[in-house]
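Trainee: I have a structure to read and do not know where to begin. Can we go through it one feature at a time?

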Amino acid sequence: MKRRYYTGRNVEKAISIEELRHMAKKRVPSFAYEFIEGGAEDELSLAWNREAFAALRFVPQTLVDTSRRHTRVTLFGVEQPSPLVVAPSGHNDIYRRGADMMLARTATAAGIPMGLSTLSNTRLERLPKETGGRFWMQLYMFKDRALTLDVVRRADEAGYEALVLTTDSYVYGLREWDRRHFKAPGQLKLRSKLDALMHPRWMFDVMIPHGVPKLENVIDFFPPEARDTRMATTFIPTLFVPDITWEHVDELRRLWPRKLLIKGILSVEDARRAANHGCDGVVLTNHGARHLDSVISPMEVLPEVAAAVGDRLTIVIDSGFQRGSDVVKAMALGANAVQVGRAPLWGIAAGGEAGAARALHLLQEETYRVLGQIGCPSFDHIGPQFLRRVPQAAS
């Protein structure tokens, strides 16, 4: 029997992240929805990210008093209500105008950090100034090192808690849905333009008042002829060159005075290198399966990384998290925190700030419930004894 999902406008009626996803699909044009949804090439890894959780089954402990259970963790010396972190994501204003600030207010209200993408549509200084929350600055090592250094300097002056160097997307992946919607960078095909016109609420919120959202943190470094939004989209790929090495990590470590994380780690060897180069943490991720297909899920390597460097590094993980049970499984295998990207973005697309808040609430609520169901009073008591891995049939 096919499952039915609520797809109305009241995000408070959404009872799962999956329902927010279905609501989002109705609210925004297809090209914007698929920018959240899509993976690379055949989207094998997109499916594997979810299958990695299905392969892990709970082994509950019974007759345990969980009446006073909690989901609190301490992350970089700060206690927070849950192990969640809002993941950095670029171009968010294509879902709702002001989406980055909506996410920032939502994360601050939830008492958790938020990562801001260098390719965001909001200047990085606004978030801490206007919300007083905790923020991590996601960083690309650009071809123009002056641009990179400018972002680092500004994040430092704005008081960002951590710098998160992304290392896994300097060779662009192929998202084939891109080819379906765009005839050239920044130029929608006629069918996709017509589809956008079929979403008048979105048009009046996103496009009509201000036009295509600008990349506020990097636009000053574009040549004048590339500052037109359509031309800027064409110019973005020229910012990246695949010459980044561990020497660049050393450079950032000398420059950055607070926490430094490397995002894009998927091997024990690289996790050890991160520790040896003075990093404070790693983000185990396959970039949501958006760049490289046929790549492992971060959950597959998490236990090995935790065993190798868990006493030296803070381990953050993302890619494929849609349930509180997913969060509990990652914590049981050695993660210190879980980044969520698509879930709050589906919330933003479905209902703006209220939708993002609903997404975080659902994940927190599910996490709290699952801890009680498996007989675990807190994440101080979690461990692999609560899980059993079941081999999955080859896809």
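Mentor: Begin with contact, which means heavy atoms within 4.5 Å. In this predicted model, His22 touches Tyr5 and Thr7, once residues up to four places away in sequence are set aside.

Trainee: Where is His22 found?

Mentor: His22 is part of helix H1, which covers residues 17-27. Its C-alpha lies 9.5 Å from that of Gly8, and the two residues are 14 apart in sequence.

Trainee: Is His22 buried, partly exposed or exposed?

Mentor: Read the relative accessible area: under 20% is buried, over 50% is exposed, and the range in between is partly exposed. His22 has 25% relative accessibility, so it counts as partly exposed.

Trainee: How does the whole chain look by that reading?

Mentor: Of its 395 residues, 54% count as buried. The chain exposes about 17600 Å², and carbon and sulfur atoms supply 52% of that area.

Trainee: How many helices and strands does the chain have?

Mentor: There are 15 helices and 14 strands.

Trainee: What does the radius of gyration say about the chain?

Mentor: Compare the value with the one for a compact globule. For 395 residues that would be near 21 Å, and the chain has 20 Å, which agrees. Along the principal axes, the C-alpha trace spans about 65 × 55 × 45 Å.

Trainee: What share of the contacts joins residues 24 or more positions apart?

Mentor: Take the contacts in the chain with a separation of 6 or more. Residues 24 or more positions apart account for 72% of these.

Trainee: How far apart are the mean positions of the positive and negative charges?

Mentor: They are 6 Å apart, for 52 positive and 46 negative charges.

Trainee: Now a single helix. Which residues of H11 are buried?

Mentor: H11 runs over residues 246-255, and His248, Val249 and Leu252 are buried in it. Look down the helix axis: the buried residues fall within an arc of 105°, so they line one face of H11. On the other side, Glu247 and Arg254 are exposed.

Trainee: What covers the buried residues of H11?

Mentor: The cover includes strand S6 (135-139), helix H6 (145-158), strand S7 (162-166) and strand S10 (259-265).

Trainee: And how many residues of H2 are buried?

Mentor: Six of the eight residues of H2 (residues 30-37) are buried, and the helix is mostly covered. The buried ones are Phe31, Ala32, Tyr33, Phe35, Ile36 and Glu37.

Trainee: Where does Lys143 lie?

Mentor: Lys143 sits in the loop between S6 and H6. With 54% relative accessibility, Lys143 counts as exposed. An exposed residue can still have contacts to list: beyond its neighbours within four places in sequence, Lys143 is in contact with Thr238, Leu239 and Val241. Lys143 and Cys279 are 136 residues apart in sequence, and their C-alpha atoms are 22 Å apart in space.

Trainee: What are the surroundings of a buried residue, such as Ala107?

Mentor: Ala107 is in helix H4 (residues 99-110), and its relative accessible area is 1%. Apart from neighbours within four places in sequence, Ala107 is in contact with Val86, Ile112, Pro113, Met114 and Leu360. From Ala107 to Phe135 the C-alpha distance is 9.2 Å, with their positions 28 residues apart in sequence.

Trainee: What does Ala275 touch?

Mentor: Ala275 touches Arg312 and Leu313, not counting residues up to four places away in sequence. Ala275 lies in helix H12 (residues 268-276) and is buried, with a relative accessible area of 13%.

Trainee: Last, the backbone. What is the phi of Leu63?

Mentor: The phi of Leu63 is near 55°, a positive value in a residue other than glycine. Leu63 is placed in the loop between strand S1 (56-58) and strand S2 (73-75), and at 85% relative accessibility Leu63 counts as exposed.

Trainee: Is Ala289, which also has a positive phi, buried or exposed?

Mentor: Ala289 is buried, with a relative accessible area of 1%. Its phi is about 60°, although Ala289 is not a glycine. The loop that holds Ala289 runs between strand S11 (281-284) and helix H13 (298-309).

Notes:
Residues numbered from 1 in each chain as written. Predicted model: local features only at pLDDT ≥ 70, side-chain atom pairs only at ≥ 80, totals over all residues. Heavy atoms only, no water. Helix = DSSP H or I, 4+ residues; strand = E, 2+ residues; numbered from the N terminus. Rg over C-alpha atoms; globule rule 2.2 N^0.38 Å. Buried < 20%, exposed > 50% of the residue type's maximum accessible area, 1.4 Å probe, protein only. Areas by Shrake-Rupley, 256 points an atom, 1.4 Å probe, with all protein chains shown as cover. Lys, Arg positive; Asp, Glu negative; His and termini not counted. Charge placed at Lys NZ, Arg CZ, Asp CG, Glu CD. Arc of directions from axis to C-beta.
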